[in-house]
Amino acid sequence: MDRQIVVVYCFCDDVLKGLHHYEDRQRRMSDAEIITTSIVAALYFGGNLERARVFLQEHGYIPKMLEKSRFNRRMHKISGLFLVIFNLLGEVWKQLNSESVYVIDSFPMPACDNYRIKRSKRYQGEAWRGFQASKKRYFYGLKIHLMITAQGQPVEFFLTPGSWSDAKALKFYNFDLPEGSLVTGDKAYNNYPFEDMLEMAGIDLLPLRKKNSHRPVPPWTQYLLACYRKVIETTGSLIEQLLPKHIHAVTPQGFELKLILFVLATSFNFVMAAT
């Protein structure tokens, strides 16, 4: 754990210095330390910020740790930096992705159990109710729409209400990829006009084809696409391993910020594996 904490802090500190990030000289705790504490909470403490805060202070990693309420305010204030760091890591994974193959999929993130939907205060309305086809059950909350490399590193993600289908979310990906890249996914992403539009931009969108598809592919190509499909399921499992049974958050913004931290922590896990 010691090496991982040092790697996270050094990376975040170097990124902020490279961005010429301004910080008040009278601050007690730097923004790099705030970000490091948040990522450590997602990596090792199931998103429990208080446990991570106490651990890093007691073990001397961050002696001048802020109190709980002040730390939370600082973390929410710099929440945009988490996405900046994720995007920079994503650019690194794109450069290392020599195959130029990317996979997209979505994963449900329940905000509460089904029997507590009527009492939910963070989200209200049918827009947040979704259906998880793989487990044949409904859930209430958000979806993470994720794009990864052929090796499993996340390069892009966004959150939507649980009722959004993969077909609807397809148009919200940035597809900021090198020319000649291949993007694949499950059968829900079959959209011929959108495929033609991406082809004009130099990107091939080739999801798994349905049996009645008007653009069938050879069996060996279908098999290869199915193999890539398993990679994103593995990455989804890595995110789920970091998740606790219940994500404690008072507000929707807090819940979404913790989901962002879990995806960012998964990206840092690949950094640890590479170092």
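**Exercise 1.** Is Phe175 buried or exposed?

*Solution.* The model is predicted. The relative accessibility of Phe175 is 8%. Buried means under 20% relative accessible area, so Phe175 counts as buried.

**Exercise 2.** Classify the ring pair of Phe175 and Phe194, and place both residues in the chain.

*Solution.* Step one is the geometry. A pair of aromatic rings is described by the distance of the centres and the angle of the planes. For Phe175 and Phe194 the centres are 5.8 Å apart and the planes stand at 55°. Planes under 30 degrees apart count as stacked and over 60 as edge-to-face, so this pair is tilted.

Step two is the location. Phe175 belongs to the loop between α6 (166-169) and β5 (182-184), whereas Phe194 is part of helix α7 (residues 192-200). The two are 19 residues apart, and the pair links distant parts of the chain.

Step three is the surroundings. Phe194 has a relative accessible area of 10% and is therefore buried. Phe175 and Phe194 also belong to one aromatic cluster, together with Phe158 and Tyr173.

**Exercise 3.** Which kind of aromatic pair do Phe86 and Phe157 form, and which elements does the pair tie together?

*Solution.* A search of the whole structure finds twelve aromatic pairs. In the pair of Phe86 and Phe157, the distance is 4.8 Å centre to centre, with 85° between the planes. An angle over 60 degrees counts as edge-to-face, and that is the class of this pair.

Next, assign the elements. Phe86 lies in helix α5 (residues 79-96) and Phe157 in strand β4 (residues 154-161), so the contact ties together parts that are 71 residues apart in sequence. Last, check accessibility: Phe86 counts as buried at 1%, and Phe157 counts as buried at 12%.

**Exercise 4.** Find where Ser100 and Phe175 lie, and describe the sign of phi in each.

*Solution.* Most residues other than glycine have a negative phi. Ser100 is not a glycine, yet its phi is positive, at about 55°. Ser100 is placed in the loop between α5 and β1 (101-112). Phe175 likewise has a positive phi, near 50°, and is found in the loop between α6 and β5.

**Exercise 5.** Which residue lies over the face of Trp164?

*Solution.* The residue is Lys168, at 4.2 Å from the ring centre of Trp164.

Technical notes. Residues numbered from 1 in each chain as written. Predicted model: local features only at pLDDT ≥ 70, side-chain atom pairs only at ≥ 80, totals over all residues. Heavy atoms only, no water. Phe/Tyr/Trp six-rings, centres within 6.5 Å; stacked < 30°, edge-to-face > 60°. Helix = DSSP H or I, 4+ residues; strand = E, 2+ residues; numbered from the N terminus. Buried < 20%, exposed > 50% of the residue type's maximum accessible area, 1.4 Å probe, protein only. Lys NZ or Arg CZ within 6 Å of the ring centre and 35° of its normal.
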